[in-house]
Amino acid sequence: MTDPHSAPSGAVPVVRISGVDKTFTRGDSILTKALEAIDLDVNLGEFISFIGPSGCGKSTLLRIVGDLTSPTSGTVTVNGKTAERARRDRDYGMVFQAPVLFDWRTVEDNVKLPLEILGQDAATRTKRAREMLELVELGDFLKHHPYQLSGGMQQRVAIARALAFQPSILLMDEPFGALDEMTRERMNGEVLRIWQQTGTTILFVTHSIPEAVFLSSRVVVMSARPGRIAKVIDIDLPRPRNEDSRETRRYFELVTEVREVLRAGGGSLDDAATVDAGGSLERALAEGPIG
Amino acid sequence: MSAGLMGRPTANGPAIVRLARAGRRSIGEYVPALVVLVGGFLLLEYGLAAVHIESFLLPRPTAVAAAIADNWSTGRFALVPSALATLEEAVIGLVVGTIAGVTVAFASARWGTARGFLLPIAIGANAIPIIAFAPLFNNWFGLLNPLAKALMAAVLVFFPVVANVTRGLVQVEPGALELMRSYAASEWTILRKVRIPNALPYFFTAMKIATTLSLIGAIVGEYFGGSSSVLGRIIVQSASALKFDVTWAAILFGAAIGIVFYAIVALAERLVIPWAAVLRGDG
């Protein structure tokens, strides 16, 4: 069986990142060199994870690809277009660490939101939203409100919403970072199943090594200060993967390999655990004062 | 991985049951408040005489009730027509103040520069005892003009509405704005789909303050003169005529209007934004 999700040589790059630098400044003084000389091609249908210690700029890189912030220098090409053009063409679905659901909307209406903005008709919206909620196994919760759901369920609604308008690329920024280990593993299974069903290209930021190895076709290991790509590791675990894949020898070897590259890069796991604070700092610096 | 392996979560999990329970409020919860109210009346009726408090200082509830009956709609202190006149001033003030406040809030939310100078003024003005301007309003618009009182009410209503609604429109979760940006949504779409729904709870909070303020504005405006068939004039004139039972009767009318105002806003809030009440935990 051929695996459509592996990265064959000569494949079409969906995302091409070349020479990207990102420097956060305040006035004339440089605060942080978040990213330096990032080059990466992401191929069609790939599942690619970014992992690294706090301050390695992995979230920033994802935000640059998604045109939520712009690089200081270098270029990002998405489906042959600029990142901004791709965003305006709605090529991206995004899932953040917080589900960002609207409490005034039911679960179904939250999933319909992007479809409303795209101007789809009511019948299509309903059909599509229900399909997506079935996909994340929340078909029984259409009329519930977000506050009636657990954190894991909310995040599944956010995934359903991101998939609703069939974006060619899904950008996920530590989507399961706030969930407990059990829920996280369950969500990993779900996301893998969805990826296999939809064939969407996924860029996934995480600070969990097992998560990165279990999910990805390639893991991009990054080092901090300045944020650089330390190594890109091919994950040749056979597919389809399931809970048993987590207990194979090859899985442990790959987890060890990622860990060793992380350690060599100066980033300890403890450091990685503080990544939430780092991410929000990056965000604050990127956005500047609100106003 | 088999999707069914983990099992579907059921729709009647504990969190939902808890919410359903919170959504209902039994009559029993109102009993303590009723007991205190009735007890208070009984204490006033029988306790005051026992401790020799003169009736002109604090009239008995039955005396106030009699005053209400005697002055219902006729005589020098006709309560119902006066209350209606005051109500009209308060409602005009409430409507004008709210419309103006919401308009300014939208402008200041839309344009950062406008917000830069409007919001500090609105917040500052909130701290000023605006009611102190009441005699000036009477002077500007004419002592006998009910508009002077209505505008006093409107000014009082205006500032908390501006401050609250602006906050509701502006203080949107940053993630929500990023999400809308990822959809390449226009400012207009963001306003309709995010900012306005986000501002609704703030608006209702403002309205709860504003209804009370509109009554205060109208009644205090009346204290400084004008038509005598309004609650404020009845309060002033009956008190100076030592007819305190009538004074209390007029105050009760004002209180009743205030409570009805508040109840209408609270009911509207329940109907328009039921989710907000649940989130506050008092659904």
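The radius of gyration is taken over C-alpha atoms, and the rule for a globule is 2.2 Å times the number of residues to the power 0.38. This is a predicted model, in which local features need pLDDT of at least 70 and side-chain atom pairs count only at pLDDT 80 or more, while totals for chains, interfaces and linings use all residues. Residues are numbered from 1 along each chain as its sequence is written, and chains are lettered from A and ligands numbered from 1 in the order in which they are written.

**Exercise 1. The outline of chain B**

Task: Determine what radius of gyration chain B has, and what value a compact globule of 283 residues would have.

Solution.
Step 1. The globule rule gives a value near 19 Å for 283 residues, but chain B has 24 Å.
Step 2. Along the principal axes, the C-alpha trace of chain B spans about 85 × 50 × 30 Å.
Step 3. The secondary structure of chain B consists of 12 helices and zero strands; helices (H or I, at least four residues) and strands (E, at least two) are DSSP runs, numbered from the N terminus.
Step 4. A residue is buried if 20 or more other C-beta atoms, placed from the backbone, lie within 10 Å of its own, exposed if 12 or fewer, and partly exposed in between. Of the 283 residues of chain B, 35% count as buried.
Step 5. Two residues are in contact if their C-beta atoms, placed from the backbone, lie within 7 Å. Among the contacts in chain B with a separation of 6 or more, 75% are between residues 24 or more positions apart.

**Exercise 2. A loop residue of chain B**

Task: Explain why B:Phe77 counts as buried or exposed.

Solution.
Step 1. B:Phe77 lies in the loop between α3 (61–70) and α4 (79–110) of chain B.
Step 2. B:Phe77 is buried because 24 other C-beta atoms lie within 10 Å.
Step 3. Apart from neighbours within four places in sequence, B:Phe77 is in contact with B:Asn71, B:Ile234, B:Ser238 and B:Val246.
Step 4. B:Ala134 is 57 residues from B:Phe77 along the chain, and their C-alpha atoms are separated by 23 Å.

**Exercise 3. Two helices that cross**

Task: Describe how the axes of α4(B) and α7(B) cross.

Solution.
Step 1. Two packed helices are described by the angle between their axes and the distance between the axes.
Step 2. Axes are lines fitted to C-alpha atoms, for helices over the stretch in contact, and angles run from 0 to 180 degrees between N-to-C directions. The axes of α4(B) and α7 (residues 146–170) of chain B come within 6 Å and cross at roughly 35°.
Step 3. The crossing of α4(B) and α7(B) is right-handed; this term applies if the near helix is turned clockwise from the far one by less than a right angle, and left-handed applies if anticlockwise.
Step 4. Ala, Val, Leu, Ile, Met, Phe, Trp, Tyr, Cys and Pro count as nonpolar, Asp, Glu, Lys and Arg as charged, and the others, Gly among them, as polar. The contact of α4(B) with α7(B) has 25 nonpolar, six polar and three charged residues.

**Exercise 4. The sheet of chain A**

Task: State in which order six strands of chain A form an open sheet.

Solution.
Step 1. The order is β6-β7-β8-β3-β9-β10, with mixed pairing; two strands pair if DSSP finds at least two bridges between them.
Step 2. The edge strands are β6 (92–95) and β10 of chain A, each of which pairs on one side only.
Step 3. β6(A) runs parallel to β7 (residues 169–173) of chain A, with four bridges, and A:Tyr92 stands opposite A:Ile169.
Step 4. β3 (residues 47–51) and β9(A) are likewise parallel, joined by four bridges, with A:Ser49 opposite A:Val219.
Step 5. β9(A) pairs with β10 (residues 228–234) in the antiparallel sense over six bridges. These two strands form a hairpin with four residues between them, and A:Arg225 in the turn has a positive phi of about 50°.
Step 6. Five of the six residues of β9(A) (218–223) are buried.

**Exercise 5. Where the chains meet**

Task: Establish how many residues each chain gives to the contact.

Solution.
Step 1. Chain B gives 27 residues and chain A gives 30.
Step 2. On the side of chain B that touches chain A, α8(B) supplies the largest share, six residues.
Step 3. That side of chain B has 18 nonpolar, four polar and five charged residues.
Step 4. In chain A, eight of the 11 residues of α3 (107–117) are buried. The buried residues of α3(A) pack against α4 (122–135) and α5 (151–164) of chain A, together with α9 (187–223) of chain B.
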